Amino acid sequence: MKQLPSISNSIDEDKILKIINKNFSKIAPFYYELISGWLIRSYKTFNDIDKFIILIYFINKDLIFYRKNGLIINYDTFYKDKSLEIPKINITDISNDLQIPKESVRRKLQELEKAGVIKKTRKKIFLDRSAFIAQKPLKTLREFSALINKFNEVLVEEKITTKVFDVNEISQSIKNNFSFCWYQFYKFLFIFTNRWRVKIPDLETLAVAFVVLLNTVGNKEFKVKDLNIKNWTKLSQGADDVGVNAMSLSEITGIPRPTVVRKIKYLVKNDYLNINEKKLITLDIRGKTLKSTTKTQDLNMKDLSKFLHRVFNQIKIINSN
């Protein structure tokens with residue numbers, strides 16, 4: 001095993017934030033692919049993103065336990081014959097931590113119990129093994145590894161480190177350090193989703209918006225090379241001259257088309273998206289919404305920098321050379 005060149009002693013998280021902001025056009029496609037993919041898969045698990053987040057909130061209790069006790073559990077060990085007992089559930093704590101109304105938490109717990117995902121005995125909750133299989137992060141792990149790989153490339157370009165490790169090496173290293181890396185990932189996700197909850201009605205609306213955003217990023221006419229976050233944000237508005245329709249958004253996200261249509265109307269009305277006479281939707285954040293979204297994005301980038309910095313310094317790579 002050979003450790004990735006540590007950046008903890010030579011560079012702090014503020015410097016990492018500046019590097020991410022400076023090279024945002026390189027990192028953005030991988031970052032948005034990770035977040036968008038996670039939102040879509042979370043919805044498809046239970047047809048409800050909040051139910052999935054409540055599930056991983058319980059599973060994160062295990063990761064917190066390992067973290068507090070200085071234990072690093074690998075991927076295979078974490079999922080082997082896994083079951084979990086939560087000694088006491090506190091709906092108020094879940095509501096506060098996840099920014100989901102208490103009555104919604106109570107209802108979703110009942111629905112998860114009815115589906116057999118969890119079992120309640122008085123104040124205790126038992127997570128069935130199927131719950132762990134449902135959230136096993138196979139595709140998320142690949143997207144996570146691709147983001148770390150691109151971050152690694154940027155660090156080499158910025159002369160912070162000297163070697164780029166490939167995606168497979170990074171993926172295996174994350175698996176070896178799974179409990180630490182996924183604790184950091186969930187920590188970032190909880191902060192990210194809580195931050196967006198105060199701006200939009202639900203996370204399914206955010207999932208729809210992110211697919212439109214990804215369509216902009218992937219548009220051939222949006223030729224970005226070395227743009228910082230400010231210029232990237234400016235140029236991305238209206239950069240997609242093709243757009244995507246409601247049916248495609250429904251097929252990609254798994255959200256029923258009538259629901260997608262309602263969410264598009266909200267996003268258009270609140271200046272996140274534009275819809276033309278052909279019913280094609282594009283990214284078009286304007287006015288106060290642009291100012292507010294920019295502030296949110298800046299805060300998310302601070303947390304992303306912490307997340308990437310900590311994971312990059314933790315993981316170890318098998319040196320194949």
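Is phenylalanine 24 buried or exposed? In this predicted model, phenylalanine 24 counts as buried, because its relative accessibility is 0%. The cut-off for that class is under 20%.

Phenylalanine 24 belongs to helix α2. This helix covers residues 24–46 and has 23 residues. From its first C-alpha to its last, α2 reaches 33 Å. That span is close to the 33 Å expected at 1.5 Å a residue. Just after α2 comes asparagine 47, with a positive phi of about 60 degrees.

The count of aromatic pairs comes to 29. One of these pairs joins phenylalanine 24 and tryptophan 232. Their ring centres are 5.2 Å apart, and 85 degrees lie between the planes. The arrangement is edge-to-face. Distant parts of the chain are linked here, with the two positions 208 residues apart. Tryptophan 232 sits in helix α12, residues 229–236. Tryptophan 232 has a relative accessible area of 3% and is therefore buried. A second edge-to-face pair is formed by tyrosine 57 and phenylalanine 190. In this case the values are 6.4 Å centre to centre and 65 degrees between the planes. Tyrosine 57 lies in helix α3 and phenylalanine 190 in helix α10. The two are 133 residues apart, so that this pair too links distant parts of the chain. Both tyrosine 57 and phenylalanine 190 are buried.Helix α3 spans residues 49–68 and holds asparagine 60. Asparagine 60 counts as buried because its relative accessibility is 8%. Leaving aside residues up to four places away in sequence, asparagine 60 touches Tyr183, Tyr186 and Phe190. Phe190 is also the partner of tyrosine 57 in the aromatic pair described above. Isoleucine 49 lies in α3 as well. With a relative accessibility of 0%, isoleucine 49 counts as buried. Its contacts, with the sequence neighbours up to four places away again left out, are Leu39, Ser42, Tyr43, Leu203, Glu204 and Ala207. Along the chain, isoleucine 49 and alanine 207 are 158 residues apart. Their C-alpha atoms are separated by 9.5 Å.

Helix α10, residues 178–197, meets helix α9, residues 167–176. The two axes come within 5 Å and cross at roughly 95 degrees. Angles of 65 to 115 degrees count as roughly perpendicular, and α9 and α10 are therefore assigned to that class. From α9, the contact involves Ile174, Lys175 and Asn176. From α10, it involves Phe178, Cys181 and Trp182. By class, the residues of this contact are four nonpolar, one polar and one charged.

Helix α8, residues 138–157, also packs in contact with α10. Here the axes come within 13 Å and cross at roughly 85 degrees. That angle makes α8 roughly perpendicular to α10. Thr140, Leu141 and Phe144 contribute from α8. Cys181, Trp182 and Phe185 contribute from α10. The contact of α8 with α10 has five nonpolar residues, one polar residue and no charged residues. Cys181 and Trp182 of α10 thus appear in the contact with α9 and in the contact with α8.

Key. Residues are numbered from 1 along each chain as its sequence is written. This is a predicted model: local features need pLDDT of at least 70, side-chain atom pairs count only at pLDDT 80 or more; totals for chains, interfaces and linings use all residues. Side-chain values use heavy atoms; hydrogens and water are left out. Helices (H or I, at least four residues) and strands (E, at least two) are DSSP runs, numbered from the N terminus. Buried means under 20% relative accessible area, exposed over 50%, partly exposed in between (1.4 Å probe, protein chains only). Contact means heavy atoms within 4.5 Å. Axes are lines fitted to C-alpha atoms, for helices over the stretch in contact, and angles run from 0 to 180 degrees between N-to-C directions. Angles under 35 degrees count as roughly parallel, over 145 as roughly antiparallel, 65 to 115 as roughly perpendicular and the rest as oblique. Ala, Val, Leu, Ile, Met, Phe, Trp, Tyr, Cys and Pro count as nonpolar, Asp, Glu, Lys and Arg as charged, and the others, Gly among them, as polar. The expected span of a helix is 1.5 Å times one less than its number of residues. Rings of Phe, Tyr and Trp (its six-membered ring) pair if their centres lie within 6.5 Å; planes under 30 degrees apart count as stacked, over 60 as edge-to-face and the rest as tilted.
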